[in-house]
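Ready for some practice in reading a protein model? Work through each exercise by yourself before you look at the solution below it.

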Amino acid sequence: MSKEIKTNTQQRTSPGGMMRPGGLIQKPKNTGATVKRLIGYMKKSIILIMVTFVIAVLGTLMQVISPKVLGNATTLLFDSFKNGTEIDFKALGSILLVVALLYVGVSLTNYLQIWIMTHVSQKTTFLLRGELKGKMNSVPISYFDKHSNGNLMSIAVNDMDNIATTLQQSLMQLISSVVLVTGTIWFMFTISPLLTVIAFLLIPGSFLVTKIVMPKTQANFREYLKLQGELNGHIEESYNAHNVIKSFNGEAAANRKFDGFNDAMYESGWKSKFFGGSMMPSMMVLQNIDYVLLAIIGALKVASGGIAIGDMQAFLQYSTQFSRPIAQFGQIWNGILSTVASAERVFEVLDAENLPEHKEKFANSRNSSSKVKFEHVKFSYTKEPLISDFNMDVEKGQMIAIVGRTGAGKSTLLSLLERFYEIDGGSIFVDGMDIRNMEYEMLRSKIGMVLQDTWLFSGTIYENIRYGNQNATEEQIYAAAKAAYVDDFVRRLPDGYNTVLNEDASNISQGQRQLITIARAFVTNPEILVLDEATSNVDSRTEMLIQSAMRRLMQGRTSFVVAHRLSTIYEADRIIVMDNGGIAETGSHKFLLEQNGVYADIYNSQFTWQAPEHMEVCR
């Protein structure tokens, strides 16, 4: 299980490994600030938003006027029947034509609002998505140690989609609802103040329902989003490691963990959907009760001649128009709060600490001819120090082998050289300059890496080699491929260099993948090479081929080789033996064996099975 999955789930996981549905339920930390910040991303679309507002006002006014106009037609017909006079079809036709035009106008404005707000919402999330992608390139490596890939993917995809959907729908509904309620209230007062007061009884009831239901909806929805991200991470981890899971009969444990996430998602999911979905039925009950009261009292006023029947018809339509936004308010507010929850998750990532940029200049090394120099370096992942007072000078062109037991700090040392992590004390110099005074791009352009875990992306072999230097010519790429022994096997593939590697590059062998990474390093043409267990996952014959390619690659370059197989480092200019974050021994292979210390102990543990004559040759 990856470190990041453990980190994100341990607070919710019970000793038995099951998820606790109630864990880490939070409300928005600052709804107002989040909304204000989200609006900031909409500034570039402010003109379109203003146009939408104007269109919404026009459309809503037409919607408000139409019941009153239609009520005049009802009154005209009623008066004609009541008085026994002929129906004025010309006047009736004019009224109906006006009503038809109003309805067409309402439909057209609704269409325009949808079209414009779709553009606004997509533009907003386009900006957010771009900033989020840029942020992923500027956070330190330690950020990914603490956050699961699945959760970050959920933020980048699900939360972004939620923001886009709500901005498109809820914002438009909110604008229309405000204008609609304002207009209907005015027309209702002109018809009957008494009936308007009765219609207002719907408001306190609606807000009471909202106050009861919305906090539960918001809390469960936020929990659902968190669990969704963690479930994505677990599924991704399970798919990538399905061979390991099957090899260790871990299917049952993986299923139990999946069931834990799934059960917790079920609990928070149905609660958020139920409470959110119960808003509208609750509002409809209140609306129907209010409508019955209006109909009864209105009928009595029509019978007594207090209100014209057409006005009463218009009032009942207005009461429906008035109550609909009130009833939908909970749903609209629910959408807005879900957007706030999603935006908050996005902003939490955007507010994460960037790679440190030191404003003050650190002292560079004086009178040093070293290519790389470690001076009193200290580092720890936690409070427990891992590397303490580490010192090492490496001359240009030297091959430095770093060995030691697992956890001694070998790979960490090289990560510090590339500033994947910041040192806690001391200094690291490259060409006499403190690396903290360098731009990240400048530092890493000097360093090429070939790691134990080969990383190749989905694309052609040619593109993967060129990844080391996007400006490389075809001749340089083919030359790098030949130097790394890639050209020979690639030429035998049906599509040659245009062979497309799948997601895990599993359509070529592990050794071939490693040779491609070496070719990529050749194209980079770095000054410093880092080879971290580059031959640990291949057979002996492929290992010899890779070692030959690496020897070519190391010629004329300063190189650091981390190795568990000591047979690969006999030719090193110097072997650094690390133990407990410091240098235990240093020297040549022969010298270290004669010291009979840590290196000799590691060596003997690897070769005690070998014949004595083989050990003598190695010595």
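**Exercise 1. A strand and its two sides**

Which residues point one way from β9, which point the other way, and are they buried or exposed?

*Solution.* Keep in mind that you're looking at a predicted model.

Step 1: sort the side chains. Ile528, Val530 and Asp532 point one way from β9, while Leu529 and Leu531 point the other way.

Step 2: compare that with the general rule. In a regular strand, side chains alternate between the two faces of the sheet.

Step 3: check the burial. Residues on both sides of β9 are buried, and the count for the strand is five of its five residues, so β9 is mostly covered.

**Exercise 2. The six-stranded sheet**

Find the sheet that contains β9 and work out what order its strands have.

*Solution.* Step 1: list the strands. This open sheet of six strands runs β6-β9-β10-β3-β11-β12, and its pairing is mixed.

Step 2: find the edges. They are β6 (447-451) and β12 (582-587), each of which pairs on one side only. On average, neighbouring strands here are turned by 20° against each other, if you ignore direction.

Step 3: go through some of the pairs.

- β6 and β9 are parallel and share five bridges; here methionine 449 stands opposite valine 530 in β9.
- β9 and β10 also run parallel, joined by five bridges. Valine 530 turns up again, standing opposite phenylalanine 560 in β10.
- β3 (residues 399-404) and β10 run parallel with four bridges, and alanine 401 stands opposite valine 561 in β10.

Step 4: look for helices lying on the sheet. Helix α18 (residues 510-524) lies across β6 and β9, at about 180° to β6. Helix α13 packs on the sheet as well, touching β3, β6, β9, β10 and β11, and its direction makes about 135° with that of β3.

**Exercise 3. The four-stranded sheet**

Which strands stand at the edges of the open sheet of four strands, and why is one side of each left without a neighbour?

*Solution.* Step 1: write down the order. It's β2-β1-β4-β5, with antiparallel pairing.

Step 2: read off the ends. β2 and β5 (433-434) each have a single partner strand, so one side of each has no neighbour in the sheet.

Step 3: zoom in on one end. Two bridges join β4 (residues 425-430) to β5, and these strands run antiparallel. In this part of the sheet, valine 430 stands opposite methionine 433 in β5.

Step 4: bring back a helix from Exercise 2. Helix α13 (residues 410-417) lies across β1, β2 and β4, running at about 115° to β1. Since α13 also packs on the six-stranded sheet, you've now met this helix in two exercises.

**Exercise 4. Rings that meet**

How many aromatic pairs does the structure hold? Pick two of them and describe each one.

*Solution.* Step 1: get the total, which is 11 aromatic pairs.

Step 2: take phenylalanine 374 and phenylalanine 390. Their ring centres are 5.5 Å apart, with 90° between the planes, which makes the pair edge-to-face, because that label is given to planes over 60 degrees apart.

Step 3: place these two rings. Phenylalanine 374 is in β1 (residues 372-379) and phenylalanine 390 is in β2 (residues 387-394), so the pair ties together parts that are 16 residues apart in sequence. Both residues are buried.

Step 4: turn to phenylalanine 379 and tyrosine 381. This pair is edge-to-face too, at 4.9 Å centre to centre and 85° between the planes. Phenylalanine 379 counts as buried at 4% relative accessibility, whereas tyrosine 381 is partly exposed at 43%. Add Tyr421 and you have one aromatic cluster of Phe379, Tyr381 and Tyr421.

Step 5: look for charges over rings. Arginine 37 lies over the face of phenylalanine 347, 4.3 Å from the ring centre. Likewise, the charged end of arginine 491 sits over the ring of tyrosine 478, at 5.5 Å from its centre.

**Exercise 5. One buried threonine**

Why does threonine 558 count as buried?

*Solution.* Step 1: locate threonine 558, which is in strand β10 (residues 558-562).

Step 2: check its accessibility. The value is 1%, and buried means under 20%, so threonine 558 counts as buried.

Step 3: see what surrounds threonine 558. Beyond its neighbours within four places in sequence, its contacts include Lys371, Val394, Glu527 and Leu529. Its side chain also reaches the backbone nitrogen of glycine 397, at 3.0 Å.

Definitions and conventions: Residues numbered from 1 in each chain as written. Predicted model: local features only at pLDDT ≥ 70, side-chain atom pairs only at ≥ 80, totals over all residues. Heavy atoms only, no water. Phe/Tyr/Trp six-rings, centres within 6.5 Å; stacked < 30°, edge-to-face > 60°. Buried < 20%, exposed > 50% of the residue type's maximum accessible area, 1.4 Å probe, protein only. Lys NZ or Arg CZ within 6 Å of the ring centre and 35° of its normal. Pairing = 2+ DSSP bridges. Contact = heavy atoms within 4.5 Å. Axes fitted to C-alpha atoms, helices over the stretch in contact; angles between N-to-C directions. Polar contact = N/O pair within 3.5 Å; in protein donor to acceptor, adjacent residues only side chain to side chain.
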